[in-house]
Amino acid sequence: MIERTFVAIKPDGVQRSLVGEILGRFEKAGLKIVGMKMQWSDKEFALKHYTDDIEKRRGKKVRELLIDYLSEGPVVAVVLEGVHAIEIVRKIVGATEPKSALPGTIRGDFCHVSYDYADKEELAIRNVIHASGNREDAEYEIRLWFKDLELHSYKNAHDLHIFK
Ligand code: GDP
Ligand code: MG
């Protein structure tokens, strides 16, 4: 049940100085940071992150916009560990569309635009953060962004309350 998941604070989140605020929410929930770095990706790398799957789910145009968005500036890439981490992190992050994301979630608190608006303006939805959607994506994304040596197992204060 202890899982690892991947999050990236997207270029808008970094440019808006939200890194500390966002990471603080995960830390306060008891999730453990086991890997972290800043990376300015090129389009080739962004294509590996937003694979054909996104094209199937969201269309070619959205994938193109996303590649530009992800590579327009540095992101803060993080691997988080915890009980049901994949699902818990998605809950803390909130819905994909900021308009629908509930207050109290990262996307609900820090952005507001709708699919309709973004599509009309031909913008990728700028929703400040990416989080792996499921176990398969988490494994793929962690491997894509991090080398084994960049991931660390260590004890923190929360372990006291999680393990016997
Ligand atoms: P996520 O897992 O919640 O990030 O959502 P997806 O994996 O479905 O989509 C990846 C990213 O594409 C989202 O976070 C948005 O930045 C963007 N996106 C998704 N759907 C749309 C859409 O319909 N229109 C636009 N403009 N951007 C979208
Ligand atoms: Mg996704």
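Colleague: How many cavities of 30 Å³ or more does the structure hold?

Modeller: The model, which is a predicted one, holds one cavity of that size. The largest cavity has a volume of about 70 Å³.

Colleague: Why is this space called a cavity, and which residues line the largest cavity?

Modeller: The term applies because a 1.4 Å probe fits there but cannot get out. The lining of the largest cavity consists of Ile2, Gly30, Lys32, Glu81, Gly82, Val83, Asn156, His158, Asp159, Ile162 and Phe163. Each of these counts as lining because it has an atom within 4 Å of a grid point of the cavity. Two elements, β3 (75–83) and α10 (159–162), give two or more residues to this lining, and β3 gives the most, with three residues.

Colleague: What makes up the lining of the largest cavity in terms of nonpolar, polar and charged residues?

Modeller: Four residues of that lining are nonpolar, four are polar and three are charged. Gly30 and Gly82 belong to the lining, and they fall in the polar group because glycine is counted there.

Colleague: What volume does the largest pocket have, and why is it called a pocket?

Modeller: The largest pocket contains about 680 Å³ of space. It is called a pocket because its set of points is open, with protein on both sides within 12 Å along at least five of seven lines. Its lining comprises 30 residues, and Tyr50, Ile54, Arg57, Arg58 and Leu66 lie nearest its centre. The elements giving two or more residues to this lining are α4 (52–58), α5 (60–70), α8 (115–121), β4 (129–131) and α9 (135–145). Twelve of the lining residues are nonpolar, eight polar and ten charged.

Colleague: How do you know which space is taken by ligand 1?

Modeller: Ligand 1 takes the space of the largest pocket. That assignment holds because more than half of the ligand's atoms lie within 2 Å of the pocket's grid points.

Colleague: Which residues are closest to ligand 1, and how many surround it?

Modeller: Ligand 1 is surrounded by 17 residues, with Arg58, Thr96, Asp119, Leu123 and Ile125 the closest. This shell divides into nine nonpolar, two polar and six charged residues. The helices α4, α5 and α8 each supply at least two residues of the shell.

Colleague: What makes the approach of arginine 90 to ligand 1 a polar contact?

Modeller: A polar side-chain atom of arginine 90 is 2.8 Å from an oxygen atom of ligand 1. The pair therefore meets the cut-off, which is 3.5 Å between N or O atoms. The side chain of aspartate 119 places an N or O atom 2.8 Å from a nitrogen atom of ligand 1. With leucine 123 the partner is a polar backbone atom, 2.7 Å from a nitrogen atom of the ligand. Of the 540 Å² of accessible area that ligand 1 has on its own, the protein covers 93%.

Colleague: What makes up the lining of the second largest pocket?

Modeller: This pocket holds about 220 Å³ of space, and its lining residues include Glu3, Arg4, Ile86, Arg135 and Phe146. β1 (2–9) and α9 each give two or more residues to the lining, with α9 giving the most, five residues. Five of the lining residues are nonpolar, none is polar and seven are charged.

Notes: Residues are numbered from 1 along each chain as its sequence is written. Chains are lettered from A and ligands numbered from 1 in the order in which they are written. This is a predicted model: local features need pLDDT of at least 70, side-chain atom pairs count only at pLDDT 80 or more; totals for chains, interfaces and linings use all residues. Side-chain values use heavy atoms; hydrogens and water are left out. Grid points are joined across faces, edges and corners, and a volume is the space filled by probe spheres set on the points. Helices (H or I, at least four residues) and strands (E, at least two) are DSSP runs, numbered from the N terminus. A residue is near a molecule or strand if one of its heavy atoms lies within 4 Å of it. A polar contact is a pair of N or O atoms within 3.5 Å; within protein, one must be able to donate a hydrogen and the other to accept it, and residues adjacent in sequence count only if both atoms are side-chain atoms. Accessible areas come from the Shrake-Rupley method with a 1.4 Å probe; for residues, only the protein chains shown count as cover.
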